[in-house]
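Could you walk me through how this chain is put together, strand by strand and helix by helix? A guided tour in plain paragraphs would suit me well.

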Amino acid sequence: MPRLHVIADGAPLAYAAFRGGAPAVQVRIKEADDDAVLAECEHIVAAAKSASAMVIVNDRADIALAAGADGVHGGAEDLPVAVLRRLIGPDRLVGGTARDPDTALRHQDDGASYVGVGPVYATATKTGLPEPLGPAGVEKVAASVDIPVIAIAGITAARVPELLAAGAHGVAVIGAVAHAADPTAATAELLEALDG
């Protein structure tokens, strides 16, 4: 399971992340028709193969399968993990969003490969989120499951050590890379913190 997931809203950011060594990109494209999302995912999957990296598609098992991606991630309001697993088969990754141990355990029982836990910190990249869980919230979830925990929201390289200490396997980031002056360098910095 990759320890860094860079969430990208299109190919340019994904390419920058791959140049920085990102082992996984999660594609999250909103406000586009299915043809455009599929085409973008296909470009990203092709680039990932060259970079020996993985691609996970947010929300859309159909797009993930059609583009040849490595997996799908279901958010709190998306299809249940059990359904995503049934759709995508046994050999691809399925992630589920969890904010508490009970939800994480349910995802594990339903076939999740990992759980994304958050929001860990306050973030401006997604609105309407519940109160941040903090590292203590990550620790509770990590202690309850045997699958990897990926912490998300408000993550910076400086915050990585406390999340690893709390039991996170890795982190998923948007702003730390997307809003960086140099997304490639920001990706490399996060990887360095994870390798710590």
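Alanine 151 stands opposite valine 171 in strand E8. That pair belongs to a ladder in which strand E7 (residues 149-152) and E8 run parallel, joined by three bridges. Please keep in mind that you are looking at a predicted model. Widening the view, eight strands close into a barrel with parallel pairing, in the order E1-E2-E3-E4-E5-E6-E7-E8. On average, neighbouring strands of this sheet are turned by 25° against each other, direction ignored.

Let us follow the barrel to E1 (residues 4-8), which pairs with strands on two sides. With E8 (residues 170-173), E1 pairs in the parallel sense over three bridges, and here valine 6 is opposite valine 173. With strand E2 (residues 24-27), the pairing of E1 is again parallel, this time over four bridges; isoleucine 7 has glutamine 26 as its bridge partner in E2. To get from E1 to E2 the chain passes through helix H1 (residues 11-19), making a right-handed β-α-β crossover.

How many residues of strand E1 are buried? Five of the five are, so this strand is largely enclosed by the rest of the structure. Leu4, Val6 and Ala8 point one way from E1, while His5 and Ile7 point the other way, and all of them are buried.

Helix H9 is a good next stop. H9 (residues 183-195) packs on the sheet and touches both E1 and E8, and its direction makes about 155° with that of E1. Its 13 residues reach 18 Å from the first C-alpha to the last, close to the 18 Å expected at 1.5 Å a residue. Buried in H9 are Pro183, Ala186, Thr187, Leu190, Leu191, Ala193 and Leu194. Viewed down the axis of H9, these buried residues fall within an arc of 160°, so they line one face of the helix. The cover over them includes E1, H1, helix H7, E8 and helix H8 (175-178). Turned away from that buried side is a face of H9 carrying the exposed residues Glu192 and Asp195.

Helix H4 (residues 81-88) can be read in a similar spirit. Val81, Leu84, Arg85 and Ile88 are its buried residues. They cover an arc of only 100° around the axis, which puts them on the same side of H4. Among the elements covering them are helix H3 (61-67), strand E4 (71-74), strand E5 (93-98) and helix H5. Just after H4 comes glycine 89, with a positive phi of about 90°.

H5 itself lies across E5 and strand E6 (114-117), running at about 165° to E5. Within H5 (residues 101-109) you will find threonine 103. Is threonine 103 buried or exposed? Its relative accessible area is 15%, and because the cut-off for buried is under 20%, threonine 103 counts as buried. Apart from its neighbours within four places in sequence, threonine 103 is in contact with Thr97 and Ala98.

For a contrast, try alanine 165 in H7 (residues 160-165). This alanine has a relative accessible area of 66% and is exposed, since the threshold for that class is over 50%. Alanine 165 and proline 135 are separated by 30 residues in sequence, and their C-alpha atoms lie 8.6 Å apart in space.

The loops hold some backbone details that a computational chemist may enjoy checking. Glycine 118 and proline 119 are joined by a cis peptide bond, with omega of about 5°. Proline 119 belongs to the loop between E6 and helix H6 (134-144).

Where does aspartate 59 lie? It sits in the loop between strand E3 (54-58) and H3. Phi of aspartate 59 is near 75°, a positive value in a residue other than glycine. Aspartate 59 is also buried, with a relative accessible area of 19%.

Alanine 153, in the loop between E7 and H7, brings us back towards the starting point. Its phi is near 95°, again a positive value in a residue other than glycine. With a relative accessible area of 10%, alanine 153 is buried.

Conventions. Residues numbered from 1 in each chain as written. Predicted model: local features only at pLDDT ≥ 70, side-chain atom pairs only at ≥ 80, totals over all residues. Heavy atoms only, no water. Buried < 20%, exposed > 50% of the residue type's maximum accessible area, 1.4 Å probe, protein only. Contact = heavy atoms within 4.5 Å. Pairing = 2+ DSSP bridges. Right-handed = clockwise from strand over helix to strand, strands pointing away. Arc of directions from axis to C-beta. Axes fitted to C-alpha atoms, helices over the stretch in contact; angles between N-to-C directions. Expected span 1.5 Å × (residues − 1).
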